[in-house]
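Please open the model in your viewer and keep the sequence panel visible. The tour begins with one pair of residues and then widens to the whole chain.

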Amino acid sequence: MNTNDFDFDLPEELIAQTPLEKRDASKLLILDRKTGKFQDRHFDAILDELEPGDALVMNNTRVLPARLHGVKPETGGHVEFLLLKNTQDDCWEVLAKPAKRLKVGATVSFGDGRLTATVEEELEHGGRIVRFHYQGIFLEVLESLGEMPLPPYIHEKLADRERYQTVYAKENGSAAAPTAGLHFTQELLQKIEAKGVHLVYLTLHVGLGTFRPVSVDNLEDHEMHSEFYQLSEEAAATLRQVKAAGKRIVAVGTTSIRTLETIGNKFDGDIQADSGWTNIFIKPGYEWKVVDAFSTNFHLPKSTLVMLVSAFAGRELTLEAYHHAIQERYRFFSFGDAMFIK
């Protein structure tokens, strides 16, 4: 298939710049694959779509305040780092701007020297492997000096950095939020659990590649980024029980989907505890192993995420739903509204 098959015109004013005051006040477009019909609801209506015995699977990754602003001590020149992943001990892969002057051995200072970094390796596209030097606990230093790495299409400042975290965020390591989960409140999750739905958590640390557009014409030529995932034995056992009982596994967001389907492919449809790196590319023609329904936000034109949704609902129905959302003035992307596809 061709990348342009997943293009659509999106008015710029529909790109949500700030979160709503109430997380679950966002709109919810319910899409039934069997009938092809849409319903316009609000997000708390997801409670009506879940059935006793279903499993609701959420990604409990926590976003690091991974954007750092520093200076080169010898020149005073400004440098920006975006932390991508921890490679070992105090070494991190970062995206550096401007990168061309950051050769191996160069140093950068952050927070008047409270944190410094030495470049150990040069990578492509502005990437660097750096070693950090500091006193105390790295994550505490990062919390005090770093900023939330909001996506490039968000231009407003975030007043409360916790609004770019899910209410169940726990495992530090993401460069971006699993945004489909931003709509849930503790109260809504309690209602869902009280209905007899299993709340199941996995971890996938979202990488910068989630924002990268597909730059090739032919989808077969696209190379997916890799992200680290983990599913516990307790979570796997619950999901096996749900499947055995004939109930549904409902994923929250594309990161949960990619984790579950990676494991389903690895173990021939079985669900087992596992961890590792995934670069799974789910596009039309994909044979689904685990996920029966899911919620997700509205994604960028020509993105791998629109392709994933199209693999589940069909390309034409997915684009029809997106056009409906645009006509009804749904809000798009990270702080935007949601879809529930069953």
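Begin by selecting L204 and Y229: L204 stands opposite Y229, which belongs to strand β13. Please keep in mind throughout that this is a predicted model.

Next, extend the selection to the two strands. Strand β12 covers residues 198-204, and it pairs with β13 in the antiparallel sense over two bridges.

Now display the side chains of β13, residues 227-231. Which of them are buried? The side chains alternate along the strand: E227, Y229 and L231 point to one face and are buried. F228 and Q230 point to the other face and are not buried.

Then add strand β15, residues 274-278, to the view. β13 and β15 pair in the antiparallel sense over five bridges. To see one pair of partners, select E227 and T278: T278 in β15 is the bridge partner of E227.

Finally, show the entire protein chain as a cartoon. The chain has seven helices and 17 strands. Its radius of gyration is 21 Å, close to the 20 Å that the globule rule gives for 342 residues, so the chain is as compact as a globular protein of that length. Along the principal axes, the C-alpha atoms fill a box of roughly 65 × 45 × 40 Å. Of the 342 residues, 54% count as buried.

To close, colour the charged side chains. There are 38 positive and 50 negative side chains, and the centres of the two sets lie 1 Å apart. If a surface is displayed, the accessible surface comes to about 15400 Å², of which 45% belongs to carbon and sulfur atoms.

Note on methods: Residues numbered from 1 in each chain as written. Predicted model: local features only at pLDDT ≥ 70, side-chain atom pairs only at ≥ 80, totals over all residues. Heavy atoms only, no water. Helix = DSSP H or I, 4+ residues; strand = E, 2+ residues; numbered from the N terminus. Rg over C-alpha atoms; globule rule 2.2 N^0.38 Å. Buried < 20%, exposed > 50% of the residue type's maximum accessible area, 1.4 Å probe, protein only. Areas by Shrake-Rupley, 256 points an atom, 1.4 Å probe, with all protein chains shown as cover. Lys, Arg positive; Asp, Glu negative; His and termini not counted. Charge placed at Lys NZ, Arg CZ, Asp CG, Glu CD. Pairing = 2+ DSSP bridges.
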